[in-house]
Amino acid sequence: MPEWLRWLVGLNLLLASFLWIGEPVVIETGLPPGITGVSFLNFILVEDLADTGTLNHEYVHYWQQAILTPIGSGLIYLPGAAYSLAVDGNIWSSNPMELLAFALAPYDLGFEPRIVWRW
Ligand SMILES: [Zn+2]
């Protein structure tokens, strides 16, 4: 196996381990128009901390990255986004990764952010 690939796999698994061992750092901040939340690695960005639907949605994305690993979830998310864009003209409404996050967001996922930054 090429050394660069070993590094890539190792770094991917290391980042996934931070998701499993750590917890989300929620940052309440302004986001571009039309976007209410973003999840990337251990960071969840939301416009409004009181918006539990968005918090839960991004928390699902957090666990998608933990379970599938960051690179694995990206490799699934991007084709899903491309498919949704081709079918619906947006990256969300037919993207399986988004559909799962939208489906679970209304439920009580037991997510109570303990680390919150306001920016
Ligand atoms: Zn989403």
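**Reading burial, packing and backbone in a predicted model**

Author: Let's jump in with W20, which is exposed because only 10 other C-beta atoms lie within 10 Å and the cut-off for exposed is 12 or fewer. One caution before we go on: this is a predicted model.

Reader: Okay, and where does W20 sit?

Author: You'll find W20 in helix α1. Along the chain W20 is 18 residues from V38, and their C-alpha atoms are 19 Å apart.

Reader: Now the inside. Which residues make up the largest nonpolar core?

Author: The general idea first: in soluble globular proteins, nonpolar side chains tend to be buried together. Here the largest such core has 12 residues: A16, V26, I44, L45, V46, L55, Y59, V60, Y62, A66, M97 and A101. Two or more residues each come from β3 (43-46), α2 (52-68) and α4 (96-104). Helix α2 gives the largest share, with 5 residues.

Reader: Let me zoom in on one of them. What is A66 in contact with, apart from neighbours within four places in sequence?

Author: A66 contacts A16, L19 and W20. So the exposed tryptophan we began with turns up again as a partner of A66.

Reader: That brings me to helix packing. How do I describe a pair of helices?

Author: Two packed helices are described by the angle between their axes and the distance between the axes. Try α1 (residues 3-21) with α2: the angle is about 130 degrees and the axes are 8 Å apart. That angle makes the pair oblique. The crossing of α1 and α2 is left-handed.

Reader: Which residues make the contact?

Author: From α1 you have A16, L19 and W20, and from α2 you have Y62, Q65 and A66. Sorted by class, this α1 and α2 contact holds 5 nonpolar residues, 1 polar and no charged ones.

Reader: And α2 with α4: at what angle do the axes cross?

Author: They cross at roughly 130 degrees and come within 8 Å. That makes α2 oblique to α4. This crossing is right-handed. On the α2 side the contact uses N56, H57, V60, H61 and Q64, while α4 brings M97, L100, A101, F102 and L104. By class, the α2 and α4 contact divides into 6 nonpolar, 4 polar and no charged residues. Among the contact residues, V60, M97 and A101 are also listed in the core.

Reader: Does the angle label work the other way too? I mean, are α2 and α3 roughly perpendicular or roughly parallel?

Author: Roughly perpendicular. The axes of α2 and α3 cross at roughly 115 degrees and come within 6 Å. Again the crossing is right-handed for this pair. Q64, Q65 and L68 of α2 meet P70, G72, S73 and I76 of α3. That α2 and α3 contact has 3 nonpolar, 4 polar and no charged residues.

Reader: What about the stretch between those two helices? Which residue lies in the loop between α2 and α3 (70-88)?

Author: T69 lies there. It's a good one for backbone reading. Most residues other than glycine have a negative phi, and most peptide bonds are trans. T69 goes against that habit, with a positive phi near 70 degrees. T69 is partly exposed, since 19 other C-beta atoms lie within 10 Å and a buried residue needs 20 or more.

Reader: What touches T69 from far along the chain?

Author: N12 is one contact: leaving out residues up to four places away in sequence, N12 touches T69, P70 and I71. N12 and T69 are 57 residues apart along the chain, yet their C-alpha atoms are separated by 6.5 Å. N12 belongs to helix α1 and counts as partly exposed because it has 15 C-beta neighbours inside 10 Å.

Reader: Where does L41 lie?

Author: L41 is in the loop between β2 (37-40) and β3. This residue also has a positive phi, near 50 degrees. With 16 C-beta neighbours inside 10 Å, L41 counts as partly exposed.

Reader: One strand residue to finish. Is R118 buried or exposed?

Author: Exposed, because R118 has 8 C-beta neighbours inside 10 Å. R118 lies in strand β4 (residues 115-118). In sequence R118 and V25 are 93 residues apart, while the C-alpha to C-alpha distance is 11 Å.

How values were computed:
Residues numbered from 1 in each chain as written. Predicted model: local features only at pLDDT ≥ 70, side-chain atom pairs only at ≥ 80, totals over all residues. Core = buried A, V, L, I, M, F, W, Y, C linked by C-beta atoms within 7 Å. Helix = DSSP H or I, 4+ residues; strand = E, 2+ residues; numbered from the N terminus. Contact = placed C-beta atoms within 7 Å. Axes fitted to C-alpha atoms, helices over the stretch in contact; angles between N-to-C directions. Parallel < 35°, antiparallel > 145°, perpendicular 65-115°, else oblique. Left-handed = near helix turned anticlockwise from the far one by under 90°. Nonpolar A, V, L, I, M, F, W, Y, C, P; charged D, E, K, R; others polar.
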